[in-house]
Amino acid sequence: MIYNKSFTVILDDLSEYIDTHDKLLLKEDMLQLAYKNYIIDVGFYSKEFVLYVIKDHNWDIPIIKEFIQENDIINRINKACIEVLSIYGAQNEAYKTIY
């Protein structure tokens, strides 16, 4: 599967599941994408997919925690990538303005 090229793929077992729909592949750790100090994580928990956006490895307080439908996984991952890039860009602009 192709993800936003700005992100580094840390883990991708999600692509195989999307290609095969083999329910045996469902697990908590299915996808992790990294960009700077952000992680986009997708896993399967208690019969549903969950997307997390994590900043500074703070898993206790995710920026986003969203339950997503299987048919919307790719769209929601792409949207999360855009959101992270937007947040990071806005933070850098604020930093440049202050300093």
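**Exercise 1.** In this predicted model, work out whether D13 is buried, partly exposed or exposed, then find its salt-bridge partner.

*Solution.*
Step 1: D13 has a relative accessible area of 25%. Buried would need under 20%, and exposed over 50%, so D13 counts as partly exposed.
Step 2: Now look for a partner. D13 makes a salt bridge with K27, and their closest N and O atoms sit 2.5 Å apart.
Step 3: Where are the two? D13 is in the loop between β1 (8-12) and α1 (14-20), while K27 is in the loop between α1 and β2 (31-35), so the bridge ties together parts that are 14 residues apart in sequence.
Step 4: K27 is partly exposed too, at 37%.

**Exercise 2.** Find out which parts the salt bridge between E70 and K23 ties together.

*Solution.*
Step 1: Check the distance: the closest N and O atoms are 3.9 Å apart, and the cut-off is 4 Å.
Step 2: E70 belongs to the loop between β5 (64-68) and α2 (73-98), and K23 to the loop between α1 and β2, so parts 47 residues apart in sequence get tied together.
Step 3: As for accessibility, E70 is partly exposed at 31%, whereas K23 is exposed at 53%.

**Exercise 3.** Classify the ring pair F44 and F49.

*Solution.*
Step 1: The ring centres are 5.0 Å apart, and a pair needs them within 6.5 Å.
Step 2: The planes are at 70 degrees, so this one is edge-to-face.
Step 3: Take a wider look: ring pairs link F44 and F49 with Y17 into a cluster.
Step 4: F49 is buried, at 3% relative accessibility.

Methods
Residues are numbered from 1 along each chain as its sequence is written. This is a predicted model: local features need pLDDT of at least 70, side-chain atom pairs count only at pLDDT 80 or more; totals for chains, interfaces and linings use all residues. Side-chain values use heavy atoms; hydrogens and water are left out. Rings of Phe, Tyr and Trp (its six-membered ring) pair if their centres lie within 6.5 Å; planes under 30 degrees apart count as stacked, over 60 as edge-to-face and the rest as tilted. Buried means under 20% relative accessible area, exposed over 50%, partly exposed in between (1.4 Å probe, protein chains only). A salt bridge is a side-chain nitrogen of Lys or Arg within 4 Å of a carboxyl oxygen of Asp or Glu. Helices (H or I, at least four residues) and strands (E, at least two) are DSSP runs, numbered from the N terminus.
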